[in-house]
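Got your viewer open? Let's take a walk through this one, stop by stop, with something to select at each.

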Amino acid sequence: MPVFKIALLKGDGIGPEIVDSAVKVLKKIGELFGHKFNFEEGLIGGVAIDKTGEPLPPYTLELCLSADAVLLGAVGGPKWDDLPTYKRPERGLLGIRKALDLYANLRPAKVYESLISASPLKDHVVRGTDFLVVRELTGDVYYGEPRGIFKEGDKRVGINTMRYTEDEIRRVIKKAFQIAKDRRKKLTSVDKSNVLEVSALWREVVEEERKNYPDVEVEHLYVDNCAMQIVKRPSSFDVIVTGNIFGDILSDEAAVITGSLGMLPSASLGQRHALYEPVHGSAPDIAGKGIANPIATILSAGMMLRYSFGLKEEANLLERAVELTLHKGYRTPDIYDEGTKKVGTEEMTDAIISALEELCEKLV
Ligand code: NAD
């Protein structure tokens with residue numbers, strides 16, 4: 001029986017509730033398909049500060065480095081808001097991403113038919129939308145040197161440097177091609193190559209790599225045009241790959257067209273390590289009330305099955321179980337609509353598990 005070691009970093013606020021839900025679902029998948037998931041917990045964020053004085057204690061880091069994948073809840077909350085920046089819970093997140101050398105951030109933007117009215121776009125525009133933004137995470141203008149605010153005569157000048165090496169571009173482009181190959185085989189590369197040399201190099205590398213993926217259709221878009229096309233024809237995209245700053249903006253735009261923060265999963269992949277977490281934060285306003293939407297975290301666990309463990313059938317089944325549960329009308333308060341069944345975190349989790357069992361029975 002295959003055994004996978006998963007590091008659980010529950011974090012703060014609703015973190016423990018939603019991670020527990022995902023663990024319950026993973027255990028059911030293990031039972032149905034004959035896999036063993038070993039879970040080991042580490043502290044991160046505010047709860048780690050309270051217990052150890054640091055947002056990312058060395059034990060947590062070691063645990064993550066030795067695990068096959070990391071599942072994270074969320075960090076932060078008002079209790080720690082007054083700490084100096086270098087001591088805040090969010091530092092734990094930055095630290096772990098850096099230590100695991102996670103260079104590709106994956107954010108799916110999927111519009112569920114049952115939740116289509118939650119999208120700010122018209123139904124006929126957004127129907128069928130199911131794409132993935134792959135954002136480079138470790139380079140670009142956020143990290144390039146020189147950077148700073150300098151004096152030029154008696155005036156100040158702010159400087160940042162947009163910089164990518166060929167290798168940094170190539171590894172994320174390859175990853176995006178591999179992902180597109182397993183989906184609907186369409187890759188949109190986004191740049192600003194009409195003005196930026198960094199983007200011209202980006203486009204050259206995409207053109208070099210496309211020869212290795214002849215069955216993947218490639219489209220190049222300038223970032224300003226892409227921002228427009230995402231709201232005009234979102235269902236035409238499959239995989240969008242882009243650099244750090246463009247991806248930062250486009251992945252938030254993509255998130256908003258789906259309409260529900262509690263539904264959005266993410267994955268951050270490196271060469272050897274990977275971390276999975278919901279896009280939303282620790283939601284301190286609803287923590288401990290049993291009403292958090294666990295779906296973003298459950299779908300993040302689904303991405304773990306697909307991208308870290310290569311369990312595609314299991315991941316597909318999990319996604320279909322979430323769809324079926326929504327179709328049956330189960331809703332946590334954040335996605336509730338008249339005429340549907342309002343449930344809490346636990347009931348939603350149990351409904352997804354029942355849907356998994358139901359779908360699995362149909363498979364045999
Ligand atoms: P948030 O995402 O936590 O919450 C925004 C709103 O969405 C709130 O009303 C919240 O109740 C709701 N919400 C979020 N997730 C939900 C879910 N699963 N189910 C139901 N409702 C949900 O953002 P915020 O309020 O700006 O930040 C709260 C804290 O989280 C802050 O300390 C912030 O720094 C931190 N944060 C952490 C991460 C992370 O860990 N990756 C990301 C963003 C924010």
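Where is the place of valine 190? Select it and you'll land in strand 8, residues 186–191. Strands here, like helices, are DSSP runs numbered from the N terminus (E, at least two residues for a strand; H or I, at least four for a helix).

Before moving on, a quick word on what you're looking at. This is a predicted model, where local features need pLDDT of at least 70 and side-chain atom pairs count only at pLDDT 80 or more, while totals for chains, interfaces and linings use all residues. Residues are numbered from 1 along each chain as its sequence is written, and side-chain values use heavy atoms, with hydrogens and water left out.

**Stop 1: around valine 190**

Valine 190 has a relative accessible area of 1%, so it counts as buried. (Buried means under 20% relative accessible area, exposed over 50%, and partly exposed in between, with a 1.4 Å probe and protein chains only.) Now show what valine 190 is in contact with, leaving aside neighbours within four places in sequence: Trp202, Leu221, Tyr222, Val223, Cys226, Ile240, Val241, Thr242, Phe246 and Leu250. Contact means heavy atoms within 4.5 Å. Take cysteine 226 from that set: valine 190 and cysteine 226 are 36 residues apart in sequence, but 7.1 Å apart in space, C-alpha to C-alpha.

**Stop 2: strand 11**

Next, select residues 265–270, which make up strand 11. Why is this strand largely enclosed by the rest of the structure? Because six of its six residues are buried. Colour the two faces separately: Pro265, Ala267 and Leu269 sit on one side, with Ser266, Ser268 and Gly270 on the other, and both faces are covered.

Now bring in the strands that pair with strand 11. Two strands pair if DSSP finds at least two bridges between them. Strand 4 (residues 102–110) runs antiparallel to strand 11, and four bridges join them. To find one of these pairings, look for leucine 106, whose bridge partner in strand 11 is alanine 267. Strand 12 (residues 274–278) also pairs with strand 11 in the antiparallel sense, over five bridges. Here you can pick out serine 268 opposite leucine 275 of strand 12. Follow the chain from strand 11 to strand 12 and you'll go round a hairpin of three residues.

**Stop 3: the loop after strand 12**

Keep going along the chain and select serine 282, in the loop between strand 12 and helix 10 (295–307). Is serine 282 buried or exposed? At 5% relative accessibility, serine 282 counts as buried. A polar atom of its side chain lies 2.7 Å from the backbone oxygen of glycine 76. Beyond its neighbours within four places in sequence, serine 282 is in contact with Asp12, Gly13, Ile14, Ala74, Val75, Gly76 and Gly77.

Alanine 283 is in this loop too. Check its backbone: phi is positive, about 40°, although alanine 283 is not a glycine. Most residues other than glycine have a negative phi.

**Stop 4: the ligand**

Now select the ligand and show what's around it. How many residues surround the ligand? There are 20, and the closest are Glu90, Gly281, Ala283, Asp285 and Asn293; being near here means having a heavy atom within 4 Å. The shell has nine nonpolar, seven polar and four charged residues. (Ala, Val, Leu, Ile, Met, Phe, Trp, Tyr, Cys and Pro count as nonpolar, Asp, Glu, Lys and Arg as charged, and the others, Gly among them, as polar.)

Try the distance tool on three spots. An oxygen atom of the ligand is 2.8 Å from a polar backbone atom of alanine 283. At valine 75, a polar backbone atom is 2.9 Å from a ligand oxygen. At asparagine 293, a backbone N or O atom lies 2.9 Å from a nitrogen atom of the ligand. On its own, the ligand has 820 Å² of accessible area, and the protein covers 68% of that (areas by the Shrake-Rupley method).

**Stop 5: two backbone oddities**

Select glutamate 145 and proline 146: the peptide bond from one to the other is cis, with omega near 0°. Proline 146 lies in strand 6, residues 144–152. Most peptide bonds are trans.

Finish at aspartate 101, in the loop between helix 4 (89–99) and strand 4. Aspartate 101 has a positive phi of about 50° although it is not a glycine. With 38% relative accessibility, aspartate 101 counts as partly exposed.

Note on methods:
Polar contact = N/O pair within 3.5 Å; in protein donor to acceptor, adjacent residues only side chain to side chain. Areas by Shrake-Rupley, 256 points an atom, 1.4 Å probe, with all protein chains shown as cover.
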